[in-house]
Amino acid sequence: MKLNILRISGPLLALIALTWMPGGATAAEPDARSIVANSLQAFYYAAKDMRARVTMRLINAQGQERKREMTMLRKNSGEGGEQRYYIYFHTPSDVKGTTFMVWKYLQKEDDRWIFIPAIKLVRRIAADDKRSSFVGSDFTHEDVSGRSVDDETHSLLRTEEMAGRAVYVVESKPKAQSDYARRLSWIDQQHGLPLKEEYFDTRDEKVRVFTADQVEQVDGHWTITVRTMKNLQTGHRTQTRFTDIKYDVGLKQNLFSERYLRNPPRKWIR
Amino acid sequence: MDTLGIITLSIATAAMVAGVKSEAVAETLELSGFVQAHVATRTSDVDCPVGTECDVPFNDQRVQLKAEANNEAGSLAFLGKVDLIHDQVLEENKAEVRELYADYNADSFTVRGGRQIITWGVGDLLFINDIFPKDWVAFYSGLPMEYLKRGSDAAKLDLYLGSTTLEVVVSDFRADRLPDSRQFVMASPFSPSLPRNIDEPAGQEIALKYSGNLGGWDSAVYASRGYYRAPALTETATEVHGSYARLNTLGASLSGAFANGVLNLEAGYYDSEDDRSGDNPTIENSQARFLIGYSRQVGQETQIGAQAYAEWMQDHNAYQRTLPSGFSPRDEVRTVATLRFTQRYLHQTLTFNLFAFWGLSEDDTYIIPSARYAFSDDLWAELGANIFSGSRSGMFGAMGDNDNVYLSVRYAF
């Protein structure tokens, strides 16, 4: 209990101290919370909707590789940060045709459904733990569909240059107990996307590293087209490549329904 | 297979051939499949009767070939899935059409014709409104779970009405595949030496489901007019005769988020039309069935689920009065609890699963532990067991001589 209080009050105190410091380093900078809020917006909410082909390569410490290819459809659905995700699996062969749908809410647990084509079964699945692995990869469900800015407390540590880009270095600590104790993010000052993230455990050991390996402008939206998450403890890493990205394609709200879970919309699934 | 089956299968086949032949229509044609070996050894210490495969009751190898095609607009789609099976125990080679259907998709409806697997209801291995045919032999032998479901030869219409869907299924009768004395050791009140003659119904069955999301809950109501999928048997001097009695069902289900997990509720009424008074001992009495289930994640890769289920036999007095001697009487209310525990390791390549049925009223259990390891995306192996224990008059306990340990290996291509 004590530890928890300390962990939460640490950054809060730092924030208060920073705000109170007259003419301090933060005077000209936006506050950490709005930097992260903008970053989440750029990362997960670009345009009204998006369609992309996503290839995940899951590589273990021995170099053995597994591959997941999917089509991802995403639509922002109104106020409050609600979103809908639809994922169709092309490979591996054994899971081909499996579809997965998320109705994402920021204020409560998401709704998730999966469709198993071999038995034509639609099942609602418990979405309690967003920190669990997405299809066995190093990315969590939360890494795929985003988190709420207020799930963590944020403090701006410094600004610096990274690979020729001006970045904010922000420290974030989860408010509820999580699999990490703190996270450092290098957030691009221009487009707001995170170029790197490091996750630390309770012993302050670095356990996971996210890198944006390729960042491009697609339809006017800055997009991380190649990203890697590496687990430093196991040596397992996952490289995700987004291709055929299209923004504002006009996805309809009713596409994110049991009908299309059972019967994938061929127009969008290629 | 009768008229409807032949018609729907022909439509599906013709449509598939047309789709494959015409490049303009077949935007995509994908071929895939797997090879699979499955073997189970009996672990119960039992002297099997003559004619029953005792030590290794299940041992088959199969190739599944799957073809899928659809046109560019997505209005036409086809799927065919055929298993070519070499069964070492039954000493036969056979081809089994798992699914073979064609879809026509319009804005407001979809029609699917052909052999198709249909799964309804929210129970986990407990079925109320899923009245479609099942393969219990596959299930008790430890074959991968998809083999529990058999396809229906059916025409299915999905009508999209706003945010709700009405599904109408017209199908030929297809029985459940039930354990028999070649592979299972079970007490039977019928003479094993008499030939069995079982009549299949000739008419069609119809099933309806109307579903939608109601205040965040996946809600559905169901109705069906068909037949029981297990035969009602009577012994005469010369044969054991079987026929499938009429069954009408009415039911509903709900599934939604609750207390950081998923809550499932389902109920149904089984109207045994041919024995509404309950005094024909060969035909099941009418029943009311209820189910409540809850599942949630308890760790990053750990999930648990629990269910409570009840079957309430109607006219239990008439049943007791007319039950011939030699049959152990069933309770008026049969209750079952289930538990599922799933734990994944090594980036979800290693999965431990435990499913347990606990017959509360019949004092018996059925436990299915399994471990599956995926060597790669294409190759996995599963080692598991089917363990029955408890009262021999219970549904699970009656299977007590059929405990097995199984191994399945599948390579997908």
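Biologist: Why is A:Asp213 called partly exposed?

Modeller: A:Asp213 has 13 other C-beta atoms within 10 Å. A residue is buried if 20 or more other C-beta atoms lie within 10 Å of its own, exposed if 12 or fewer, and partly exposed in between, with C-beta atoms placed from the backbone. A count of 13 falls in between, so A:Asp213 is partly exposed.

Biologist: What are the ground rules here?

Modeller: This is a predicted model, where local features need pLDDT of at least 70 and side-chain atom pairs count only at pLDDT 80 or more, while totals for chains, interfaces and linings use all residues. Residues are numbered from 1 along each chain as its sequence is written, and chains are lettered from A and ligands numbered from 1 in the order in which they are written.

Biologist: Which residues is A:Asp213 in contact with, leaving aside its neighbours within four places in sequence?

Modeller: They are A:Val226, A:Arg227 and A:Thr228. Contact means that the C-beta atoms, placed from the backbone, lie within 7 Å. The C-alpha atoms of A:Asp213 and A:Thr225 are separated by 7.7 Å. Those two are 12 residues apart along the chain.

Biologist: Where does A:Asp213 lie?

Modeller: In strand S11 (residues 206–218) of chain A. Strands (E, at least two residues) and helices (H or I, at least four) are DSSP runs, numbered from the N terminus.

Biologist: What makes S11(A) and S12(A) a pair?

Modeller: Two strands pair if DSSP finds at least two bridges between them. S11(A) and S12(A) have 10, and they run antiparallel. That meets the rule, so they pair. A:Val215 has A:Ile224 as its bridge partner in S12(A). Their hairpin has 2 residues between the strands, and A:Asp219 takes a positive phi near 50 degrees there.

Biologist: How many bridges join S10(A) to S11(A)?

Modeller: There are 5, again in an antiparallel arrangement. A:Lys196 stands opposite A:Thr211 in S11(A). This hairpin has 5 residues between the strands.

Biologist: What is notable about phi in A:Asp204?

Modeller: Phi is positive, about 60 degrees, although A:Asp204 is not a glycine. Most residues other than glycine have a negative phi, and most peptide bonds are trans. A:Asp204 lies in the loop between S10 and S11 of chain A.

Biologist: Why is A:Asp204 called exposed?

Modeller: A:Asp204 has 9 other C-beta atoms within 10 Å. That count is under the exposed limit of 12 or fewer, so the label holds.

Biologist: What makes A:Asp248 partly exposed?

Modeller: Its count is 14 other C-beta atoms within 10 Å, which is in between the two limits. Phi of A:Asp248 is also positive, near 50 degrees. This residue is found in the loop between strand S13 (237–247) and helix H4 (258–262) of chain A.

Biologist: Which peptide bond is cis?

Modeller: The one that joins A:Thr91 and A:Pro92, with omega about 5 degrees. A:Pro92 is in the loop between strand S3 (83–91) and strand S4 (99–104) of chain A.

Biologist: How do you know that the span of H2(A) is close to the one expected?

Modeller: Helix H2 (residues 32–44) of chain A has 13 residues. The expected span is 1.5 Å times one less than the number of residues. That gives 18 Å, and H2(A) reaches 18 Å from its first C-alpha to its last.

Biologist: Which residues of H2(A) are buried?

Modeller: A:Ala32, A:Ile35, A:Val36, A:Ser39 and A:Ala42.

Biologist: What puts these buried residues on the same side of H2(A)?

Modeller: They cover an arc of only 125 degrees around the axis. The arc is that of the directions from the helix axis to the C-beta atoms. An α-helix has 3.6 residues a turn, so residues three or four places apart point the same way. The buried residues of H2(A) pack against strands of chain A, including S7, S8 and strand S9 (182–188).

Biologist: How many bridges do S7(A) and S8(A) have?

Modeller: Strand S7 (residues 152–162) and strand S8 (residues 165–174) of chain A pair in the antiparallel sense over 10 bridges. A:Thr153 stands opposite A:Lys173 in S8(A).

Biologist: How do you know that chain B agrees with a compact globule?

Modeller: The rule is 2.2 Å times the number of residues to the power 0.38, with the radius of gyration taken over C-alpha atoms. With 413 residues, a radius near 22 Å would be expected, and chain B has 22 Å, so it agrees. Buried residues make up 35% of chain B.

Key
Contact = placed C-beta atoms within 7 Å.
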